[in-house]
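Visitor: Please take one part of this model that the rest of the chain covers, and look at it closely. Then work outward from there.

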Amino acid sequence: LRRELAEALEQQPATSDVLRVISSSPTDVQPVFDAIVQSATRLCEASFGSAHRFDGQQITIDARANFTPEQIEIGKRRFPTPATRGTAVGRAILDREVVHIEDVSDDPEYEVLGNQSELSFRTVVAVPLLKDGNPIGALGMWRREVKPFTENQINLVKTFADQAVIAIENVRLFQELTEALEQQTATSEILGFIASSPTDIQPVLDVVAENAARLCDASDAQIFRVEREMLRHAASYGSLPAVDERPIIRSTVPGRAIIEQKTIRIDDLALEPEDDLPARFARSHGVRTILATPLFREGIPIGAITIRRQEVRPFTDKQIALLKTFADQAVIAIENVRLFKE
């Protein structure tokens, strides 16, 4: 009873400390992960511990406690990695339940080579991080000797796992709120330019390009208008150069968006067959990820807006939807000027 009371008195401040870190770090989950792993490793008497994220395909290692320099290098080589049953963390994610292996050398599924021999551990417990029943990560605790974790220690790791999920969700909600406020501000700014510039389209297209690049986290944004069966540069924002004029052909991404009358998404230009999509200008400037959506007026494409990245980092569904919103605003501005001049 005295031992259990001492454990409870030690655990309560640790869990309270993690909650304080969560409340003080609404935009960054890293301090929370660090605090959780340090506390869980110490209170569970583990040799070392780690926190992992899972995006549905790959597991990353996001926080460590008591790792040696050699272990850190091994971790860098091993992660990111797919979730497999050959590791306790992977198995916890796949099974969506606690995995407690008293001796990895006796577990037929465990990948002993490259694990036990390199990291020198025998007992491991892994607890998944579950959000609405879906795995989004895991906590792992290891002991170098064969020494099973107690029920109280496993329950404590579960508590820390719950706190990690709270932290991840807290950061996600905060980021969504921030993004929504930024988008609302950008929309208001563009509408303000449209209202104050009824005869000049340029200020509106400039601010559309700037907001598209900034809010979609792109290297640059380019807006083109269709004039005499050509694509003419109308506005741009960012460090990449622009082409003043180009034909409307399938060999360029904005040209293809106009011809096919749909958003074109290129996750990695280097993987696209060059004979099908030459995009010579983009390739020559190191562009890797591209998103282009056409501007429509009464069902007819009148231009296109393109955003690009010089690294392989596909645009998210939210960013694709946001670019379509900016395209709609550019069309409103173009139509507004046309009607005013008529």
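Guide: Start with helix H4, residues 88-95: six of its eight residues are buried, so the helix is largely enclosed by the rest of the structure. Buried means under 20% relative accessible area, exposed means over 50%, and partly exposed lies in between (1.4 Å probe, protein chains only). Helices (H or I, at least four residues) and strands (E, at least two) are DSSP runs, numbered from the N terminus.

This is a predicted model: local features need pLDDT of at least 70, side-chain atom pairs count only at pLDDT 80 or more, and totals for chains, interfaces and linings use all residues. Residues are numbered from 1 along each chain as its sequence is written, and side-chain values use heavy atoms, with hydrogens and water left out.

The buried residues of H4 are Ala88, Val89, Gly90, Arg91, Ala92 and Ile93. Their cover includes S1, strand S2 (58-65), strand S4 (99-101), strand S5 (123-131) and S6. Contact here means heavy atoms within 4.5 Å.

Now step off the end of the helix. Just after H4 comes Arg96, with a positive phi of about 60°. Arg96 sits in the loop between H4 and S4. Arg96 is partly exposed, at a relative accessible area of 43%.

Two of the covering strands also share an aromatic pair. Phe48 lies in strand S1 (residues 48-54) and Trp142 in strand S6 (residues 134-143), 94 residues apart, so the pair links distant parts of the chain. Their ring centres are 5.5 Å apart and their planes are at 15°, so this pair is stacked. Rings of Phe, Tyr and Trp (its six-membered ring) pair if their centres lie within 6.5 Å; planes under 30 degrees apart count as stacked, over 60 as edge-to-face and the rest as tilted. Phe48 is buried at a relative accessible area of 1%. Trp142 is buried too, at 8%. Both belong to one aromatic cluster with Phe67, Tyr110 and Phe121. The structure holds five aromatic pairs.

Strand S6 ends at residue 143. The charged end of Arg143 sits over the ring of Phe149, 3.9 Å from its centre (the test: NZ of Lys or CZ of Arg within 6 Å of the ring centre and within 35 degrees of the ring normal).

Further along comes helix H6, residues 151-196. Helix H2 (residues 30-43) packs on H6 at an angle of about 180°, with the axes 10 Å apart. Axes are lines fitted to C-alpha atoms, for helices over the stretch in contact, and angles run from 0 to 180 degrees between N-to-C directions. That makes H2 roughly antiparallel to H6. Angles under 35 degrees count as roughly parallel, over 145 as roughly antiparallel, 65 to 115 as roughly perpendicular and the rest as oblique. From H2 come Val32, Phe33, Ile36, Ser39, Ala40 and Leu43; H6 answers with Gln153, Leu156, Phe160, Gln163, Ala164, Ala167 and Ile168. By class, that is 10 nonpolar, three polar and no charged residues. Ala, Val, Leu, Ile, Met, Phe, Trp, Tyr, Cys and Pro count as nonpolar, Asp, Glu, Lys and Arg as charged, and the others, Gly among them, as polar.

H6 has another helix partner. Helix H7 (residues 202-215) packs on H6 at about 170°, with axes 9 Å apart. H6 is therefore roughly antiparallel to H7. Among the H6 residues in this contact are Glu182, Ala186, Ile190 and Phe193; those of H7 include Pro203, Val207 and Leu215. The contact of H6 with H7 has nine nonpolar, two polar and two charged residues. After H7, the loop to S7 holds Asp217. Asp217 has a positive phi of about 55°, though not a glycine.

Beyond that loop, look at helix H8 (residues 253-260). Six of its eight residues are buried: Val253, Pro254, Gly255, Arg256, Ala257 and Ile258. They pack against strands S7 (220-227), S8 (230-238), S9 (245-247), S10 (264-266), S11 (289-297) and S12. One contact of Ile258 is with Gly303, which lies in strand S12 (residues 300-309). Their C-alpha atoms are 7.2 Å apart, across 45 residues of chain. Gly303 is buried, with a relative accessible area of 0%.

Last, the whole. The protein has 10 helices and 12 strands. Of its 342 residues, 45% count as buried.

Note on methods:
Lists of a residue's contacts leave out its neighbours within four places in sequence.
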